[in-house]
Amino acid sequence: MKKSIQADKRAGTPRAAQRDQILIVDNDPVFLALLAKFLRKDGFRVLTAKDGALALKILKTVTPDVILMDLVMPNLSGDRLCRMIREMDTAAKDVHIILVTALATDGTAVDYRGMGANDCVAKAAFNQTYRRINEALSGLDRRSRKKGGGKPVVPREVPSRSVISELLTINRNNEAFISNISEGRLE
């Protein structure tokens with residue numbers, strides 16, 4: 001993507017040429033619809049997926065410029081999806097991935113680079129989250145995509161979310177349990 005993302009001096013938000021395409025992957029239908037609406041308003045072409053499995057189907061035929069994805073999703077978690085995208089044998093393996101996750105708000109270390117993501121934005125109130133996403137998008141060009149970002153963008157005014165950390169731990173334990181069952185029946 002060339003310098004197609006430019007600042008709109010009147011609104012103070014980035015504007016994108018019509019060729020810039022973003023895939024949003026999130027299981028929260030309200031967040032997904034609202035984020036898609038605002039990004040389209042800013043000139044992006046937007047695709048949406050309600051989970052990682054649908055995102056993989058989309059990536060078989062489309063290579064977006066950026067993927068915004070949640071970390072905690074049913075069927076296929078964001079960390080597994082990141083790793084699967086990076087292992088793909090298509091151009092999608094080099095796409096810029098930005099995790100948009102509530103997990104980063106409680107100070108939990110999110111090893112987003114170890115997962116294969118380039119950047120991480122903490123979910124908060126929608127207006128705060130959208131502002132942080134715009135900040136992450138406004139600096140993108142071909143070089144910065146490959147290098148990745150720095151620390152997760154965490155708004156200071158967001159309260160701790162230790163419940164999310166507990167849910168991720170439970171999810172990891174369940175995945176480990178299921179992957180270690182060679183044969184048998186789970187009831």
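## Exercises on a predicted protein chain

Of the 187 residues of the protein chain, 47% count as buried (under 20% relative accessible area; exposed is over 50%, partly exposed in between, with a 1.4 Å probe and protein chains only). The model is a predicted one, in which local features need pLDDT of at least 70 and side-chain atom pairs count only at pLDDT 80 or more, while totals for chains, interfaces and linings use all residues. Residues are numbered from 1 along each chain as its sequence is written, and side-chain values use heavy atoms, with hydrogens and water left out.

### Exercise 1: Confidence and overall layout

Task: Find out which stretches have pLDDT below 50 or under 50, and list the order of the elements from the N terminus on.

Solution, step by step:

1. Start with the confidence: the chain has a mean pLDDT of 74, and 60% of its residues reach 70 or more (pLDDT is the predictor's confidence in each residue, from 0 to 100).
2. Residues 1-13 have pLDDT below 50, and beyond near neighbours in sequence this stretch has 29 contacts in the model (a contact means heavy atoms within 4.5 Å).
3. Residues 142-161 also stay under 50 in pLDDT, with 51 contacts beyond four places in sequence. Where pLDDT is low, the predicted coordinates should not be read in detail.
4. Now count elements: there are 7 helices and 7 strands (DSSP runs numbered from the N terminus, helices being H or I with at least four residues and strands E with at least two).
5. Their order from the N terminus is β-β-β-α-β-α-β-α-β-α-β-α-α-α.
6. Finally, take the contacts between residues at least 6 apart in sequence: 64% of them join residues at least 24 apart.

### Exercise 2: Two helices and their buried faces

Task: For α2, work out which residues are buried and what they pack against; then do the same job for α3.

Solution, step by step:

1. Helix α2 spans residues 52-59, and its buried residues are Gly52, Ala55, Leu56, Ile58 and Leu59.
2. Look down the axis of α2: these buried residues fall within an arc of 160 degrees, so they line one face of the helix (the arc is that of the directions from the helix axis to the C-beta atoms).
3. The partners of that set are β3 (21-25), β4 (45-49), β5 (66-69) and α3 (78-86).
4. Check the N-terminal end of α2 as well: Asp51 caps it, with a side-chain oxygen 3.2 Å from the backbone nitrogen of Ala53.
5. Move on to α3, where Gly78, Asp79, Leu81, Cys82 and Ile85 are buried. They cover an arc of only 160 degrees around the axis, which puts them on the same side of α3.
6. The buried residues of α3 pack against β3, α2, β5, β6 (96-101) and α4 (112-115).

### Exercise 3: The salt bridges

Task: Determine how many salt bridges the whole structure holds, and which residues are linked in a network.

Solution, step by step:

1. Recall the principle: side chains of opposite charge can pair when their charged atoms come close.
2. The search gives 3 salt bridges (a side-chain nitrogen of Lys or Arg within 4 Å of a carboxyl oxygen of Asp or Glu).
3. Lys123 and Asp26 form one of them, at 2.7 Å from N to O. Lys123 sits in the loop between β7 (119-122) and α5 and Asp26 in the loop between β3 and α1 (29-41), so the pair ties together parts that are 97 residues apart in sequence.
4. Asp70 also forms a salt bridge with Lys123, the closest N and O atoms being 3.3 Å apart. Asp70 lies in the loop between β5 and α3, so this pair ties together parts 53 residues apart in sequence.
5. Asp26, Asp70 and Lys123 are thus linked in a network of salt bridges.
6. Compare accessibility: Asp26 is buried at 2%, Asp70 at 7% and Lys123 at 12%.
7. Among the further contacts of Asp70, leaving aside neighbours within four places in sequence, are Val25, Asn27 and Thr101.
8. Arg83 and Asp79 also meet in a salt bridge, at 3.4 Å from N to O. Being 4 residues apart in helix α3, they are separated by about one helical turn, and Arg83 is partly exposed at 37%.

Methods: A polar contact is a pair of N or O atoms within 3.5 Å; within protein, one must be able to donate a hydrogen and the other to accept it, and residues adjacent in sequence count only if both atoms are side-chain atoms.
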